[in-house]
Amino acid sequence: MTSRHRGAPLRFATFLAPNMVPVYRFLADRIGDRLGRPVELVVGRSFDQFESGEADLGVICGLPYVWLADRQPPPVEPLAAPVLGGDRYGGRPIYYSDVIIRQDSPITRLEELRGCSWAYNEPASHSGHTVTLYSLVTMGARPGFFARVVEAGFHQRAIRLVHTGAVDAAAIDSQVLAIELRDHPQLADHLGVVGAFGPSTIQPVVAASRLPDQLKDEVRKLLVELGDDPSARPTLDHGFIDRFTPVDDAAYDDIRAMLATIQDAGWPRLTQAAGSH
């Protein structure tokens, strides 16, 4: 691995929803200002980029974080995670997966999803995939619970599949959903929330483990201080973020426990929950 000299650009990779890009761009710029070196925002292509030196910092879903953290040695370390505003989140770094339907849907509770069509974003997503599987298992659902399952690619497309009636329901990261409904009021006019899965520990800001400890400490300190910085407020508000709080590896043990429950039930993928037609 070739090491870049101190003044070389760092790469801040986002693996999350596109509607949060303004927040990540702001974080990259602020980190660059604090460290006195350029930080480039890039769209992540592979989680292996943290090991290969192509990504130094980033935001990743809790599910791939757990995958990476279980490698020896782990290529990433969690620094901090957002605390979303509102009583629902209780001042903790958590989020929900809101189950959305059309307002004209006859579905009134989660158990009535049996036999419906379902969209999820991708298998590497906790909010769209893992927490859905976990919730189905804990509900006592069996294979064939959904009539049809569609992989949408990302949450914003899954929202639109429900909006147009192409599918009956989907589980959407509550932060992503709140941003999307605020920025596209025409969606809010036709969508409803029938329930929620979770809560789960929210996606962390991570650093490549190979980075110097002093740099990681500086970035963590910057993130935690942003909540008290008036100049950061408009950008944090865009993402419904109250502040950032430090998180460690143990914060994601809830996701590990969900994975263990899914494995014990023998449902490796959401497609297992669909009927054959």
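These questions and answers go through helices, strands and backbone details of a predicted model.

Reader: In which order do the five strands of the open sheet stand?
Author: The sheet is open and its pairing is mixed. β7 (148-151) and β9 (191-201) stand at the edges with a single partner strand each, so one side of each is left without a neighbour in the sheet. From one strand to the next the twist averages 25°. Read across the sheet, the order is β7-β6-β8-β5-β9.

Reader: Do strands β6 and β8 pair in the parallel or the antiparallel sense, and which residue of β8 stands opposite W118?
Author: Strand β6 covers residues 117-120 and strand β8 covers residues 169-173, and the two pair over two bridges in the parallel sense. Within this part of the sheet, the residue of β8 that stands opposite W118 is A169.

Reader: Is helix α5 mostly covered or mostly exposed, and which of its residues are buried?
Author: Helix α5 takes in residues 155-163, and seven of its nine residues are buried, which leaves the helix mostly covered. It lies across β5 (94-102), β6, β7, β8 and β9, and runs at about 150° to β8. The buried residues of α5 are H155, Q156, A158, I159, L161, V162 and H163.

Reader: Which residue just after α5 takes a positive phi, and of about how many degrees?
Author: The place to look is just after α5, where the residue with a positive phi is G165. The phi of G165 is about 85°.

Reader: At what angle do α5 and α6 pack, and which residues meet?
Author: Helix α6 (residues 174-183) packs with α5 at an angle of about 60°, and the axes are 10 Å apart. The residues of this contact divide into three nonpolar, two polar and two charged, and α5 passes α6 in a right-handed crossing. On the side of α5 the residues are H155, Q156, I159 and R160, and they meet V176, L177 and E180 in α6.

Reader: Which strands does α6 lie across, and at about what angle does it run to β8?
Author: Helix α6 lies across three named strands, β5, β8 and β9. Taken against β8, the direction of α6 is at about 100°.

Reader: Why is α4 called oblique to α10, and which residues make the contact?
Author: Helix α4 (residues 126-138) and helix α10 (residues 253-265) pack at an angle of about 55° with their axes 9 Å apart, and that angle makes α4 oblique to α10. The crossing of α4 past α10 is left-handed. The contact is made by H126, T130, V131, L133, Y134 and V137 of α4 and by I255, M258, L259, T261, I262 and A265 of α10. These residues divide into nine nonpolar, three polar and no charged.

Reader: Where are the prolines P73 and P199 found, and what is omega for the cis peptide bond before each?
Author: P73 has its place in the loop between α3 (62-69) and β4 (76-84), whereas P199 is found in strand β9. The peptide bond from Q72 to P73 is cis, with omega near -5°. The bond from G198 to P199 is also cis, and its omega is near 10°.

Reader: In which loop does F240 lie, and what is its phi?
Author: F240 lies in the loop between α9 (233-238) and β11 (241-246). With a relative accessible area of 33%, F240 is partly exposed. The phi of F240, a positive value in a residue other than glycine, is near 55°.

Methods. Residues are numbered from 1 along each chain as its sequence is written. This is a predicted model: local features need pLDDT of at least 70, side-chain atom pairs count only at pLDDT 80 or more; totals for chains, interfaces and linings use all residues. Side-chain values use heavy atoms; hydrogens and water are left out. Buried means under 20% relative accessible area, exposed over 50%, partly exposed in between (1.4 Å probe, protein chains only). Helices (H or I, at least four residues) and strands (E, at least two) are DSSP runs, numbered from the N terminus. Axes are lines fitted to C-alpha atoms, for helices over the stretch in contact, and angles run from 0 to 180 degrees between N-to-C directions. A crossing is left-handed if the near helix is turned anticlockwise from the far one by less than a right angle, and right-handed if clockwise. Contact means heavy atoms within 4.5 Å. Ala, Val, Leu, Ile, Met, Phe, Trp, Tyr, Cys and Pro count as nonpolar, Asp, Glu, Lys and Arg as charged, and the others, Gly among them, as polar. Two strands pair if DSSP finds at least two bridges between them. Angles under 35 degrees count as roughly parallel, over 145 as roughly antiparallel, 65 to 115 as roughly perpendicular and the rest as oblique.
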